[in-house]
Structure formats: structure tokens, C-alpha cells
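Biologist: Please take a close look at how charged side chains meet in this model, and at the parts of the chain around them. One connected account would suit me.

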Amino acid sequence: MRKRLQASNEQFVQGDAVHFVALPINDDPDFAEIIGVCNFTNIVRGPFQACHLGYSVAEKYQGQGLMHEILHAGIDYMFDELKLHRIMANYMPAKTRSGKLLQTLGFEKEGVAKSYLKIAGKWQDHVLTAKVNSL
């Protein structure tokens with residue numbers, strides 16, 4: 001765990017990625033249960049100014065709107081503080097809850113990538129979405 005935290009910190013310092021972890025309020029961070037995570041990775045500067053978004057929420061907390069809250073705060077940080085122009089998020093077509101969540105956050109469908117990622121030993125199609133900073 002310590003090596004993973006160090007690697008995340010190094011990526012943040014280098015400007016390559018930002019990793020957020022959501023914990024319950026008033027819990028001791030050394031023993032807190034993780035509610036969810038959102039990761040903004042593959043940050044590219046220059047004329048692109050974009051990144052990829054990945055996220056997950058603990059099963060116990062699903063359906064409570066917490067991932068929406070976590071992602072909204074993370075997206076605001078990436079747009080307002082890091083001044084990125086575009087955030088891309090992709091999901092498997094069967095993951096309709098992810099699709100609805102991204103849509104409520106303002107992500108727009110841009111297409112479908114065939115055999116995009118190998119998950120559980122099988123190449124999976126993904127719906128490609130993006131949110132563009134309106135500023």
C-alpha cells in the first residue's frame with residue numbers, strides 16, 4: 001500500500017495523474033473504509049490539455065449518489081485548478097449505470113471503440129465519452 005501511495009504522489013508531483021480517495025466523514029484515516037476512488041490519469045499538456053477518468057465505488061455505497069458527488073468535485077478540481085480542457089471517460093456498454101452517471105455529469109458520447117480493453121481475459125468494447133471545459 002505504501003508503494004502505491006508513493007507512486008501516486010510521484011505522479012501528482014510530475015503532473016501525470018491525480019488520484020482521489022473518498023473516506024467517510026469523521027473517520028480515522030488510518031482505519032477508514034474507502035467509499036470510492038476517482039483517478040485522472042494520462043494527463044497531457046500542450047495543445048491537448050486532457051486526461052482520462054477512471055472511478056469505482058464500494059458496493060456498499062452504490063446507488064446513494066456518492067460517486068456523483070465524488071466525481072463532481074474531482075472534475076471541478078481538474079478544470080478549475082489544473083485548467084484542463086477535456087476529460088475522457090470510457091465504459092463498457094453493459095454498464096448502464098456508469099453511462100447514466102457520466103451523462104448527468106455532462107459527458108457526451110463520442111463513439112464506440114471495438115475491443116478497447118482486455119478485461120477478465122476478453123477484449124471488451126467501450127463507449128467513449130468526454131466532457132469539455134466550457135471556460
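Modeller: Glu33 is partly exposed, with a relative accessibility of 36%. The model is a predicted one, and in it the side chain of Glu33 forms a salt bridge with that of Lys60, with 3.2 Å from N to O. This pair connects distant parts of the chain, since Glu33 sits in the loop between E1 and E2, while Lys60 sits in the loop between strand E3 (50-57) and helix H2 (66-81), 27 residues apart. Lys60 is exposed, at 55% relative accessible area, because the cut-off for that class is over 50%. Glu33, at 36%, falls in the class in between.

The structure has three salt bridges. Another of them joins the side chains of Arg86 and Glu110, at 2.6 Å from N to O. Here too distant parts of the chain are linked: Arg86 belongs to strand E4 and Glu110 to strand E5, 24 residues apart. Arg86 has a relative accessibility of 17% and therefore counts as buried, the limit being under 20%.

The remaining pair is Lys114 with Asp125, whose side chains meet at 3.7 Å, N to O. Lys114 is in strand E5 and Asp125 in strand E6, so this salt bridge ties together parts that lie 11 residues apart in sequence. Lys114 counts as exposed, at 64% relative accessibility. Asp125 has 28% and is partly exposed. A salt bridge requires N and O within 4 Å, so the pair of Lys114 and Asp125, at 3.7 Å, qualifies.

The strands that carry these residues are paired as well. Strand E5 (residues 108-119) and E6 run antiparallel and are joined by eight bridges. Within this pairing, Glu108 is placed opposite Ala130 of E6. E5 and E6 form a hairpin with two residues between the strands, and Ala120 there has a positive phi near 55°. E6 (residues 122-132) also pairs with E4, again in the antiparallel sense, through six bridges. Arg86 takes part in this, since its bridge partner in E6 is Val132. Arg86 thus has a strand partner in E6 and a salt-bridge partner, Glu110, in E5.

How far can this region be trusted? In the chain, confidence is highest in strand E4 (residues 86-91), with a mean pLDDT of 98, and lowest in helix H1 (residues 2-14), with a mean of 78. For the chain, the mean pLDDT is 91, and 96% of the residues reach 70 or more. Where pLDDT is low, the predicted coordinates should not be read in detail.

Back at the loop that holds Glu33, there is also a nonpolar feature. Leu23 lies in the loop between strand E1 (18-22) and strand E2 (36-44). Leu23 is partly exposed, at 36% relative accessible area. Together with Val21 and Ile34, Leu23 makes up a nonpolar surface patch with about 240 Å² of accessible area in total. Patch residues need over 30% relative accessible area, so Leu23, at 36%, passes that cut-off.

On the other side of E1 in the sequence, Gly15 is found in the loop between H1 and E1. Gly15 is partly exposed, with 32% relative accessibility. The C-alpha atoms of Gly15 and Arg45 are 9.1 Å apart, with their positions 30 residues apart along the chain. Helix H2, which follows the loop of Lys60, contains Met67. Met67 is buried, at 8% relative accessibility. From Met67 to Thr104 the C-alpha separation is 12 Å, and the two are 37 residues apart along the chain.

Disulfides add no further side-chain links, as the structure holds zero of them. For Cys38, the closest cysteine sulfur is that of Cys51, 10 Å away, which is too far for a bond. A disulfide would need the two sulfur atoms within 2.5 Å, so the pair does not qualify. Cys38 is buried, with 0% relative accessible area, and Cys51 is likewise buried, at 0%.

How values were computed: Residues are numbered from 1 along each chain as its sequence is written. This is a predicted model: local features need pLDDT of at least 70, side-chain atom pairs count only at pLDDT 80 or more; totals for chains, interfaces and linings use all residues. Side-chain values use heavy atoms; hydrogens and water are left out. pLDDT is the predictor's confidence in each residue, from 0 to 100. Helices (H or I, at least four residues) and strands (E, at least two) are DSSP runs, numbered from the N terminus. Buried means under 20% relative accessible area, exposed over 50%, partly exposed in between (1.4 Å probe, protein chains only). Patches are made of residues with over 30% relative accessible area and no salt bridge: like charges are joined within 9 Å, nonpolar side chains (Val, Leu, Ile, Met, Phe, Trp, Tyr) within 5 Å. Accessible areas come from the Shrake-Rupley method with a 1.4 Å probe; for residues, only the protein chains shown count as cover. Two strands pair if DSSP finds at least two bridges between them.
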